[in-house]
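Here is an informal walk through a two-chain model, with the sequence and structure alongside. Keep the viewer open as you read.

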Amino acid sequence: MPDLGALLTAIVTPFAASAKAASGKPAVDEDAFVALHRFVIEQGSHGIVACGTTGEASTLDDDEHLRVIQLAVQNKPAGSTVVAGVGSNDTAHAVHLAERATELGADALLSVTPYYNRPNRRGIVRHYEEVAKATDKPILLYNIPTRTGVDLPNDLLAELAQIDGIDGVKQANNANLALVDGLDLYAGNDEIFGATLDLGGAGGICVASHVAGAAMRAMVDEPARRGAIDAELAPLYAALSVAPACVSSKAALQLLGQLTSDRVRLPMVETDEHERQSVRDGLLAVGLLKD
Amino acid sequence: MSDLGALLTAIVTPFADRPGLSGREQAPVDEEAFVRLHKLVIERGSDGVVACGTTGEASTLSDDEHLRVIQLAVENKPAGTTVIAGAGSNVTAHACELTERATELGVDAILSVTPYYNRPNRRGIVRHYEEVAKATDKPIILYNIPFRTGTDMPNDLLAELAQIDGIVAVKQSNDANLAKVDGLDLYAGNDDTILRTLEVGGVGAISVASHLVGHDIKRMLDHPEERGDVNARLQPLFAALGVTTNPSPIKAALSMQGHLSDVFRLPIVPCDEHEATVIRDALTALDLLPIGARA
């Protein structure tokens, strides 16, 4: 697999502030996305995952979803990578998104386990065989049973690694965290980024790196400081989990002046006062905000 | 009995067998088989159907197909029965659109599952259902199934949601939460908890096994003194229908009975030989297969 980089940010999709709250469907703010993409790379990320869960892919329609991927590819800073989130619990739809993202020039694809309909093991294998046929780009699996209702145990990951083109896994089931033959291992939760690097994993697909990219990049580049930085960032990881990742990340970026709007689409809702204070406290604790 | 009926079958959506389809092509909905099956399910004792629920493979239907199946159900609804439309989504705007359209098509009620995968917080869930409720003048049944959605709706949240106009019932598939909630009719969401649901004051079941044994389950609902015995007799069938992910087993069973083709859309796959044997054995034990198809 080509080197996608060790620190990838699961970038949020900014929405414009103007739409009425009741509509639940504010427009994608394309300028804000491009500016944020640049900021995230400047802070130290090697690349981004566009239209992942944190990018609110669930509530983007296909046109918006592919447009965001296109914007990411077209405005990709030199030397950085764009991974496209293209998962679906409908195999035909996952194939369609994988094909289109490939045409748009994404460097790799992130394909989550089918959620909600809970396919069995044979169904999961068939699903990924079809997705793999739809692209010549590397595919990262994404195991997150707390969302999907289905775990991909490591022996199934090893089986899926036999499919041509399946080259990595974003592991968000902390209990399964281990190297798997044939797959690059990416941390799927910020709090296991350090542990994943220690294990010899390829890196992490992170959320806190929207705001703490420099420190998280140092965890990659300076292994001797990794543990200390990881411990210092713990209050930030905790603060960002006070609400769904897209919600807390947008609040943090707004507090830091990197986004003008923290709007999300229903069923996501913006932080309430208490959650916002927790995010602020997290940013203060790691020195990203000053009193 | 609730106006919506006590025994509702989460009806499967038959797909047509089209040899030669590549893995990525979708088998088309078999509309005639759906209408026949709908009639059969009612003859077998159900008071109504839930069309395009999870068992109806709503995840892999396009919106046009989804709404067409609901339309077929409404247009061919046997007199005195009900049609509830599955209209859930993890996109609030999409859930509202499906709810509006199903309402226009003439359904009797809406089944609306918790947003799955994106895991909204509690305030988001309330806002979601407020919007869904505005989209219809029909009763709404909530659907709590955390092992699919990743999000549990605890009973105090259900009680809060019951305050929203139009939210009248819950299909409870989290056995740990099984209890009557103020302001909501309680439906069993799993066949193996029908008995307990009725014991805690539930009004009925949204069932899968009722495709096959509706009259037996109806007896559980109507005759409390027979409940325990019928439930014990049906347990092996309930277990067999869980041998792999729903709806693969129920479609296999209906296929063995000759009512439809055993066709699915990926990522759902047909039962393998072992799973099919488990199902055939359970059907044979209850004398539910014609001669020639038995184990």
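With 295 residues, chain B would be expected to have a radius of gyration near 19 Å if it were a compact globule, and its 18 Å agrees with that. That radius is taken over C-alpha atoms, and the globule rule is 2.2 Å times the number of residues to the power 0.38. This is a predicted model, in which local features need pLDDT of at least 70 and side-chain atom pairs count only at pLDDT 80 or more, while totals for chains, interfaces and linings use all residues. Residues are numbered from 1 along each chain as its sequence is written, and chains are lettered from A and ligands numbered from 1 in the order in which they are written.

Along the principal axes, the C-alpha atoms of chain B fill a box of roughly 55 × 50 × 35 Å. The chain has 11 helices and eight strands; these are DSSP runs numbered from the N terminus, with helices being H or I of at least four residues and strands being E of at least two. Buried residues make up 55% of chain B. Buried here means 20 or more other C-beta atoms within 10 Å of the residue's own, exposed means 12 or fewer, and partly exposed is in between, with C-beta atoms placed from the backbone. Of the contacts in chain B with a separation of 6 or more, 64% are between residues 24 or more positions apart. A contact is a pair of residues whose C-beta atoms, placed from the backbone, lie within 7 Å.

**Helix 1 of chain B**

Which residues of helix 1 of chain B are buried? They are Phe34(B), Leu37(B), His38(B), Val41(B) and Ile42(B). They cover an arc of only 135° around the axis, which puts them on the same side of the helix; the arc is that of the directions from the helix axis to the C-beta atoms. As background, an α-helix has 3.6 residues a turn, so residues three or four places apart point the same way. The face turned away from the buried side of helix 1 of chain B carries the exposed Glu32(B) and Glu43(B). Cover for the buried residues includes strand 1, strand 2, helix 2 and helix 8 of chain B.

The length of helix 1 of chain B works out too: its 13 residues (31-43) should span 18 Å at 1.5 Å a residue, and the end C-alpha atoms are 19 Å apart, which agrees. The expected span is 1.5 Å times one less than the number of residues. After the helix comes Gly45(B), with a positive phi near 120°.

**Helix 10 of chain B and the core**

Helix 10 of chain B (residues 248-256) is mostly covered, with nine of its nine residues buried. Lys251(B) is among them, as are Ser248(B) and Ser255(B). The buried residues pack against helix 8, helix 9 and helix 11 of chain B. Gly258(B) follows helix 10 of chain B and has a positive phi near 90°.

The largest nonpolar core has 188 residues, and those with the most contacts inside it include Leu109(A), Val83(A), Ile84(B) and Ile141(B). Its largest share, seven residues, comes from helix 10 of chain A. Such a core is a set of buried Ala, Val, Leu, Ile, Met, Phe, Trp, Tyr and Cys residues joined through C-beta atoms within 7 Å. Not counting residues up to four places away in sequence, Leu109(A) touches Val83(A), Ala84(A) and Ile139(A), among others.

**Where the chains meet**

In the interface, 34 residues of chain B are in contact with 34 residues of chain A. Helix 4 of chain B gives the largest share of chain B's side, six residues. By class, that side has 12 nonpolar, 15 polar and seven charged residues. Ala, Val, Leu, Ile, Met, Phe, Trp, Tyr, Cys and Pro count as nonpolar, Asp, Glu, Lys and Arg as charged, and the others, Gly among them, as polar.

Gly124(B) sits in helix 4 of chain B and is buried, with 23 other C-beta atoms within 10 Å. Gly124(B) touches Leu266(A), Pro267(A), Met268(A) and Val269(A), not counting residues up to four places away in sequence. The peptide bond from Leu266(A) to Pro267(A) is cis, and Pro267(A) lies in the loop between helix 10 and helix 11 of chain A.

**Backbone angles to check**

| Site | Feature | Value |
|---|---|---|
| Leu266(A) to Pro267(A) | cis peptide bond, omega | near 15° |
| Asn246(B) to Pro247(B) | cis peptide bond, omega | about 10° |
| Arg119(B) | positive phi, not a glycine | about 50° |
| Asp287(B) | positive phi, not a glycine | about 60° |

Arg119(B) is buried, with 21 other C-beta atoms within 10 Å, whereas Asp287(B) is exposed, with 7.

Definitions and conventions
Two residues are in contact if their C-beta atoms, placed from the backbone, lie within 7 Å.
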